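Trainee: I have a new structure to look through and could use some help. Can we go over it together?
Mentor: Fine, bring it up and we will start.

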Amino acid sequence: MLDATDAPCPRCSHPLEVAPGTDTRVHECPRCGGMFVPRDVLAELLCTAELGGGLRESASRPGLDPVRYVPCPQCHASMNRVNFGRVSGVIVDVCKMHGTWFDAGELTRVIAFAAAGGLERTRAREKTEAGDERQRANEVHAQLTVIEAKDHMRTRLDMWEDFLRAVFFW
Ligand SMILES: [Zn+2]
Ligand SMILES: [Zn+2]
């Protein structure tokens, strides 16, 4: 995998560094507090954070210049703006090839959204949009079973992976 260390922050151009206290594949901007999470690490990081460990994120800082499109730190292509979970209201920047950029505070908001049941709500909504009510009923039943096993790391990780695939069309 490419390493984003020393790549310029897509928000403020300060060189990115390995984020202390998290997975070494996660890079952070020490100036603006943004974080770049590689594609294959995101589900794991979200799952760990949701279960209460491993997330040490900078608080959001006011006064960032609004930048409509930010470049991927690895390939420098413009990233896509995605409403995380479609309904969370947290807009993140995604390079389908490399990973996701979270401005300071956004990762915390995504975790809060998931912890409040947003993961399940988004999945239920997708089924509704697909218009297959019978499958939706089965799915809701399956979700209830899954929620009962909520503390099971592997189950949650699978759910996050499904979720990211649906959200980012991976
Ligand atoms: Zn920055
Ligand atoms: Zn990229």
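Trainee: Is Cys75 buried, partly exposed or exposed?
Mentor: Cys75 is partly exposed, because its relative accessibility is 35% and that class lies between the cut-offs of 20% and 50%. Keep in mind that this is a predicted model.

Trainee: And Cys95, buried or exposed?
Mentor: Cys95 has a relative accessible area of 8%, so it counts as buried.

Trainee: Which metal ion do Cys75 and Cys95 help coordinate?
Mentor: They coordinate the zinc ion (ligand 2) through their SG atoms. The other donors are Cys72 (SG) and His98 (ND1), and the distances run from 2.0 to 2.4 Å.

Trainee: How are those donors spaced along the chain?
Mentor: The spacing for the zinc ion (ligand 2) is C-x2-C-x19-C-x2-H. Cys75 sits in the loop between α1 and β4 (80-83), while Cys95 is in strand β5, so this pair ties together parts 20 residues apart in sequence.

Trainee: Why is the arrangement around the zinc ion (ligand 2) called tetrahedral?
Mentor: Because its four donor atoms subtend angles of 106 to 111°, and the label requires all angles to lie between 85 and 135 degrees.

Trainee: What holds the zinc ion (ligand 1)?
Mentor: Cys9, Cys12, Cys29 and Cys32 coordinate it, each through SG, at 2.3 Å. The angles there are 99 to 123°, which makes that arrangement tetrahedral.

Trainee: What is the donor spacing for the zinc ion (ligand 1)?
Mentor: It reads C-x2-C-x16-C-x2-C. Within it, Cys12 and Cys29 link distant parts of the chain, 17 residues apart. Cys12 is in the segment before β1 (17-18), and Cys29 is in the loop between β2 (27-28) and β3.

Trainee: Are Cys12 and Cys29 buried or exposed?
Mentor: Both Cys12 and Cys29 are buried.

Trainee: Changing topic. Which residues touch the most other members in the largest nonpolar core?
Mentor: That core has 28 residues, and the ones with the most contacts to other members are Leu46, Phe84, Val92, Phe102, Trp160, Leu164 and Phe168.

Trainee: Which elements supply it?
Mentor: β3 (35-38), α1 (39-50), β5 (91-95), α2 (106-130) and α4 (153-168) each give at least two residues. α1 gives the most, with seven.

Trainee: Which domains does the core draw on?
Mentor: It takes at least three residues from each of domain 1 (4-116) and domain 2 (132-170).

Trainee: What about a second core?
Mentor: There is a separate one of 13 residues, including Cys32, Phe36, Val70 and Trp101. Cys32 is also a donor to the zinc ion (ligand 1).

Technical notes:
Residues numbered from 1 in each chain as written. Chains lettered and ligands numbered in written order. Predicted model: local features only at pLDDT ≥ 70, side-chain atom pairs only at ≥ 80, totals over all residues. Heavy atoms only, no water. Core = buried A, V, L, I, M, F, W, Y, C linked by side-chain atoms within 4.5 Å. Buried < 20%, exposed > 50% of the residue type's maximum accessible area, 1.4 Å probe, protein only. Helix = DSSP H or I, 4+ residues; strand = E, 2+ residues; numbered from the N terminus. Domains from an automatic or database assignment. Donors = N, O, S within 2.8 Å, 3.2 Å for Na, K, Ca; no water. Tetrahedral: all angles 85-135°; square planar, octahedral: opposite > 155°, others 65-115°.
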